[in-house]
Each structure stands twice: as C-alpha cells, then as structure tokens.
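Biologist: Could you take me through one part of this model closely, namely the main nonpolar core and its surroundings, and then set that part against the rest of the chain?

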Amino acid sequence: MSYDYVIVGAGSAGCVLAARLSADPDVTVCLIEAGPSDDIDEVRIPVAGGALRRTRYDWDYDTHDEPHCGGRRLYLPRGRMLGGCSSLNGQVYIRGNRLDFDEWGPGWTYADLLPYFLRGEDNERGASAYHGVGGPLSVADNRSRNPMCTSTVLAAVQAGYSANDDFNGVAQDGFGYYQVTQRDGLRCSSAAAYLHPLRRSNLTVRTSWQAEKILLRDETAVGVRCRQLDTVLDIHAEREVVLAAGAYNSPQLLMLSGIGPASDLAALGIPVVLDHPFVGRNLQDHPSVYLVYAHDEPISLLAAATPENARLLADEGRGPLTSNAPEAGGFVRTVGGLPAPDVQFHALPLMFMEGALAELTEHGYSFGPTVLRPTSRGAVSLFSADPSAKPRIRHLYYAEPDDLDTMVAGLRVALEITGQSPLRQYTTRAVSVPESASDGDLRAFIRAKTESLFHPVGTCAIGSVVDSDLRVLGVDGLRVVDASVMPTLPRGNINAPIMAIAERAADLIAGVQPASAADWDTRAA
C-alpha cells in the first residue's frame, strides 16, 4: 500500500489535513484511525457524548498517581473514532487569547493563525473581522439555554463581572454563553465538517487500524506499520508521514519508533534511531475544580431524554438534547496587572464529578474555575515497548505552587458568584464544596477534587521537537500536526486552535504560500 501522504489519527487535526491535502487530485492520501466510524447517535446528539466514555470509542486513559492531588489517578477520556476528541468533547468554540499565539514564534502568531480560523469557520452570526462564513466547521449559538446557565451569567454580572457575548471577538474577559461546534443542533465534529462530505477517489480512510510504529529508512520516514487484530499492514508514504494522534499518542508513537529520550528507550529494549530528549516532555493541561450542588428543580440534563425533547431536537434543532453541558462560563483576571485572564469558568446544568463518571442521581448544578496558564509540566513516557500498552501519563498538577495559588483565587470567585441571588434556587444542597472559605480548606478541596479539563498539549512542541513548519527535527519526511506541537496552552478550550493549526499545516505541507494577515489589524480596528 503506497500513498503520497499517510496521516495517523482522524481527530480534530487529521480530518482537516485529509480534506485539505486530498483537494489536490494529483496526490493520494491515506488517513489511518485506530477506532471505528463515528456513525452513532451518541456522537450526533450533543448531550449524549458522555455515554461514550470508557467504551471502545474512548482511549480510556488515566494519569498515573498525581503527587500534588493526594496521589489520585485522574480520568483522561480521548476520542478513539473518526473525529477523535471532537466527537465526544464539550463542543465549546474558543480560540484563546491573542497573546497565547504571539508567544509561539514566527508563523504561529495570532495574526498568522486568524486567517485559518476564519477559513475553517461557518459562523451563523455572519462574517466580520473576527468571524468567517462558508468554511466546513459550523459554529453556532447555544440552542439549549438552560435556566441554570442563564442564571450563572446574571449572577456573575451581579457580582461585578462584565457580560461578554463573543469570547472570540474584541475582548475575552467577562461571562456569557459559549458558541459551540454544532449544525442545526447536532454535533459538528471535524469528521462531520471536513471528512464526511467528501467523495474523493484519492482519499482512503482506514478505520480500526492502530498505528504501531513509523517505518524509517536512514532517518527518513517512509511509512507506518499498523495492526488490526492479528493482521499487520505496512502503509508506505511517498512524500510524508504526518502524526495527528494527539498529545498522548503522537509522542508515544515517536518513542515506539525509536525517536525519543535515548536512555528511556534503551531501558525498554527499543533501538534508538534518534536521541530526542524532549519528546513527551513539556506536557500541560488545564486543571479544573467544580462546586457541585443538588436541587429540586426538574430542569437539569438528568431530565433531557424525553420524547418531547427528542421531537424538539428533530423538528427545531434546539432544546436540552442540544446541550453541550458546559453551556456558559467566562474569563477573569484574579489579580491586577495581568495582561490577559488567568482563570476560566464553566457552568454545567448537572452534577459533574469524578471526571463525569459519577452516577447522576439528582438534579444538580456545577460551576468552577480552570487555571488557564499553568506553569507545572508533566510528561508522557512509555510503560512498555508493546504498542498495545497505554502510555504512562503524569501531569504533575500543582507541582508549581503558583498554579495552586491561582486555583485558590479562582475558587473564591466561584464561591462569590454561586452566592448571588440568581443562583439561590439551584444551590440549595451542597454536594461538593469546601469545608469553609479558609485558605487551608480551599487548598485541601482543590487537591481532593481537581479533575482534568481534557486539554493536553505540548509534548512535541514547536522549537524543541518540531521546527516552525512542524517537521520533526532530525527526521526527514515526518511532521506532527496536533495539540502536541503547542509550546504553551492557549487560554481556553483547545479544539478550535488545533483545527486552525491543521489548516495552516496543510498549506505548509502542500507548499502553498501561507495565508496573509498583514491587514488584520486594520480590518479589526
């Protein structure tokens, strides 16, 4: 089997790459996905995505013991199907702050990436300096509008914070409803947006084939070895192999192929092709903590699955079944003098505990902070040389004390907002809250209740593992295009930035002059 381009991973980035590269009829593209197709209702219906966790559609990862979180192991769901994580995520469309991208270096500034955000976007609000129309990815206003989320915005304003109806516009600060990646009330994953509309003879999509290693010849990538049950298949790349397997699996695949920290690979008996000490390092994530309350109002997502709501979704594309769960939230600077927000908040019309694995038994409400720019760094390493073994993941949340200080400040804001009158009827019974507002009790609560917001990045970062064109340093014919190339975390949910990175990477791979944003400041003004 031989193609011009072989892409590993049909997730948020891989589907974008497959669509853009195969637009040239003179090239052939093979897209490899370890999981199955996404043709199930649990993917299409926004509120049903949580049912896919711990199933064959989920890589079902966990951190190893987190020493600063009481030694707990935190659940890390990752999409294992067409669309990847965009087929089971919370669908929040957030780009991040302009300052985030300006730190990444030439070619990856906000001005460089904005044309690619615009190119990919089909925003129902229409075109503007900050939004695009006509792109594959449908971006829509929330069509659930749960009263608890509306009350959250009102409570935040009552507490003195500003309202914001567009977190991707002029300013990020404030509270409001998030826009979502949905079309007519249904999930618009990267597969739904970029892959499924295509009927191209030069694009081959192989599901249920797991990549085991990159085939190398004289430090040049020439293909990928895959396995389906007991069948092994070598797929050859005439031009390039592109890893789009995510911040956990892309470094894992590099290391299984002999590209990584030499001492770690040698200890597992993996022949070292290239000593690359930074592969798998620099792991970052958004730690999150939720205040959880129960109440007697029958309006939580526990009551979403009714015939009436099913008709509302089918006939009008709205209602509780369109809920993405984190419907509303906001961005806050917890101390003066910060150049951008340091904490993000999410409001969910249900009880969110144990990484969304806890059984829902009562109507409830959850609200809490996320540290946007943590300074703590973890790592992804190999547990075994067997490709079927899960990688060893340790995020080391709060290894740096400043991150815990920021979370304490964010939790105080959360307690202030949930104490406002618009939320009074939804916070009648505390289920998971600190013992008191003392500094010690807040820190103890954070260590005991922190969960991942499922935003891992950084393990194949620009400047250390890949160059500014996302080519793996020291290896020809091999690139990485996914969240792992981000040197630092964006301030916000990461699905939109991943897709913008893939949009620009497709131009780089195809040799197309990157889109220019030289006039962006003029248009925005």
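Modeller: What follows begins with the whole chain, turns to the core, and then visits a few single residues.

The model is a predicted one, and its secondary structure amounts to 13 helices and 25 strands. For a chain of 525 residues, a compact globule would be expected to have a radius of gyration near 24 Å, and the protein, at 22 Å, agrees with that expectation. Along the principal axes, the box that holds the C-alpha atoms is roughly 65 × 50 × 50 Å. Buried residues make up 61% of the 525, and, among contacts with a separation of 6 or more, 70% join residues that are 24 or more positions apart. The surface that the protein exposes comes to about 19,000 Å², of which carbon and sulfur atoms supply 50%. As for charge, there are 45 positive and 63 negative side chains, and the centres of these two sets lie 1 Å apart.

Turning to the part you asked about, the largest nonpolar core contains 132 residues, and Leu-17 and Leu-478 are those with the most contacts inside it. Helix H12, which spans residues 495-510, provides the largest share of this core, with 10 residues. Once neighbours within four places in sequence are left aside, the contacts of Leu-17 include Ala-502, Ala-505, Ala-506 and Ile-509. Leu-17 is also in contact with Ile-7 and Ser-22, as well as with Val-242, Ala-244 and Val-481. Apart from the largest core lies another one, of 10 residues, and Tyr-290, Ala-294, Leu-301 and Met-351 are among its members.

A second place worth a close look is Ala-156, which sits in helix H5, residues 147-158. Ala-156 counts as buried because its relative accessibility is 0%, and the cut-off for that class is under 20%. Beyond the residues up to four places away in sequence, Ala-156 touches Tyr-161, Phe-175 and Ile-417. Its C-alpha atom is separated by 9.9 Å from that of Leu-423, although the two residues are 267 positions apart along the chain.

The loop between strand E6 (137-139) and H5 holds Arg-145, whose phi is near 50°, a positive value in a residue that is not glycine. Most residues other than glycine have a negative phi, which is the background against which such a value may be read. Arg-145 has a relative accessible area of 40% and is therefore partly exposed. Asn-282 likewise has a positive phi, of about 65°, without being a glycine, and its place is the loop between strand E15 (274-275) and strand E16 (287-288). With a relative accessible area of 22%, Asn-282 is partly exposed.

One further loop residue is His-64, found between strand E3 (61-62) and strand E4 (75-76). His-64 has a relative accessible area of 18% and so is buried, since that class takes in values under 20%. When residues up to four places away in sequence are not counted, His-64 touches Arg-72 and Arg-73, together with Arg-392, Ile-393 and Arg-394.

Methods:
Residues numbered from 1 in each chain as written. Predicted model: local features only at pLDDT ≥ 70, side-chain atom pairs only at ≥ 80, totals over all residues. Heavy atoms only, no water. Helix = DSSP H or I, 4+ residues; strand = E, 2+ residues; numbered from the N terminus. Rg over C-alpha atoms; globule rule 2.2 N^0.38 Å. Buried < 20%, exposed > 50% of the residue type's maximum accessible area, 1.4 Å probe, protein only. Contact = heavy atoms within 4.5 Å. Areas by Shrake-Rupley, 256 points an atom, 1.4 Å probe, with all protein chains shown as cover. Lys, Arg positive; Asp, Glu negative; His and termini not counted. Charge placed at Lys NZ, Arg CZ, Asp CG, Glu CD. Core = buried A, V, L, I, M, F, W, Y, C linked by side-chain atoms within 4.5 Å.
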